[in-house]
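Welcome, and please have your viewer ready. We will go from stop to stop, selecting a few pieces at a time and looking at what is there.

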Amino acid sequence: MFGIYTIYWVLGIVMLPGLALGIWAQTKVYTTFNQYNSVQTQHGLTASGVARYMLDGAGYPDVKIAHIRGELTDNFNPQTNTISLSDAVYNQSTISAVGVTAHEIGHVVQHKTGYGLIKLRNILVPIINFLGYFVWPFIFIGLILEIMYASTAANWLIYIGLALYSFNILFCLITLPIELNASKRAYKMLLATGEMDMEEANQAKQVLNAAAWTYVAALVTSVLSLVRLLLMIFMVRGGGRRD
Ligand SMILES: [Zn+2]
C-alpha cells in the first residue's frame, strides 16, 4: 500500500534526470549560440542571404525565406515551403546565425529528396497524435475495472494504454537522427558553398551539436515518462489491494 504523498514524491523524482538533462542542454544551446553569435563569418553574408544563395544553388529557388519572432524559433515548414529565421539569425552574419540557417536548409533537402526517416515520421505523426487520445481512457478504465471489480480484462486495457503511450518514445527516437542528419548536411554545405572555412564550420558544428542535446533530453524524458506511468500503475494497484 502506498500513501498519496509517497506516490507524488516517487513520480516526481523519476522525472528529475530528464529535467536536469533538459535544463543542461538548453543552457548549453544558449551559451554556445551566444558565444558564436558574437563571431562574424569572414564571408560576411547575412543568414537570410546565405539561405537564398544556398537554396538557389541546391536547386530550390521555390523555397521562401521569412523572418519569425522569438528566440531560436528557426524552422522549415514543408507545408508552406518556407524557412523561417528568428530575430537573432535573420539579419546576422555570425557563425551561429549562418550555422542554424544551414541546419534548416538541411531539413529542406531532407524533405525535397525524400529522406527515409522524414517520410516515416510524416506517416507516423498523425497516427501517434490520434492514438494519444486513447492512452488515458484505456489506463483509467483498466485501473478502475481492476480495483473495483478485480477484472482480468483490466490488464489488457492497461497494456494497450502503455503500448500507445510508448509511441511517444518512437517519435523522439526518429526525430534525433533526423536532427543529426540535418546538421551533418549543414556542415558539408557550409564548406562546399564556401560560406565558411574549416575552422568556422567546426565552430558552427559546436552550436548545432549543442542543439542536438535538447533532442537527446527529449528522448530521455519520454522514456522516463513511460517509467513514471508504469510506477504509477504499480503503486495504484498496490494501493488498491487492501486485503
Ligand atoms: Zn532541426
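Angles under 35 degrees count as roughly parallel, over 145 as roughly antiparallel, 65 to 115 as roughly perpendicular and the rest as oblique. Keep in mind that this is a predicted model, in which local features need pLDDT of at least 70 and side-chain atom pairs count only at pLDDT 80 or more, while totals for chains, interfaces and linings use all residues. To make your selections, number residues from 1 along each chain as its sequence is written. Helices (H or I, at least four residues) and strands (E, at least two) are DSSP runs, numbered from the N terminus.

**Stop 1: α5 and α7**

Select residues 116-149 for helix α5 and 167-192 for helix α7; the two pack at an angle of about 155 degrees, with axes 10 Å apart. Axes here are lines fitted to C-alpha atoms, for helices over the stretch in contact, and angles run from 0 to 180 degrees between N-to-C directions. α5 and α7 are therefore roughly antiparallel to each other. Now show the side chains at the contact: Leu117, Ile118, Leu120, Arg121, Leu124, Ile128 and Leu131 come from α5, and Phe167, Phe171, Ile174, Thr175, Pro177 and Ile178 from α7. Two residues are in contact if their C-beta atoms, placed from the backbone, lie within 7 Å. Colour this contact by class and you will find eleven nonpolar, one polar and one charged residues. For that colouring, Ala, Val, Leu, Ile, Met, Phe, Trp, Tyr, Cys and Pro count as nonpolar, Asp, Glu, Lys and Arg as charged, and the others, Gly among them, as polar.

**Stop 2: α4 against α7**

Keep α7 and add residues 95-112, helix α4; this pair packs at about 115 degrees with axes 7 Å apart. α4 and α7 are therefore roughly perpendicular to each other. Among the α4 residues to pick here are Gly99, Ala102 and Gly106, while the α7 side includes Ile178, Ala182 and Ala186. By class, this contact of α4 with α7 has eight nonpolar, seven polar and one charged residues.

**Stop 3: the sheet**

Next, bring up the strands: three of them form an open sheet, ordered β1-β3-β2, with mixed pairing. Strands pair if DSSP finds at least two bridges between them. At the edges are β1 (64-67) and β2 (75-77), each pairing on one side only. On average, neighbouring strands of this sheet are turned by 25 degrees against each other, direction ignored.

How do β1 and β3 run? They run parallel, joined by four bridges; select Lys64 to see Thr82 of β3 opposite. Strand β3 (residues 82-85) and β2 run antiparallel, with three bridges between them. Here Phe76 stands opposite Ile83, and Asn77 stands opposite Thr82. Follow the chain through the hairpin of β2 and β3, which has four residues between the strands, and stop at Asn81 in the turn, with its positive phi of about 55 degrees.

**Stop 4: α2 and Tyr53**

Finally, select residues 47-57: helix α2 lies across β1 and β3, running at about 160 degrees to β3. Tyr53 is found in this helix. Is Tyr53 buried or exposed? Tyr53 is partly exposed, because 14 other C-beta atoms lie within 10 Å (20 or more would make a residue buried, 12 or fewer exposed, and in between is partly exposed, with C-beta atoms placed from the backbone). For a last distance, pick Tyr53 and Glu195: they are 142 residues apart in sequence and 9.7 Å apart in space, C-alpha to C-alpha.
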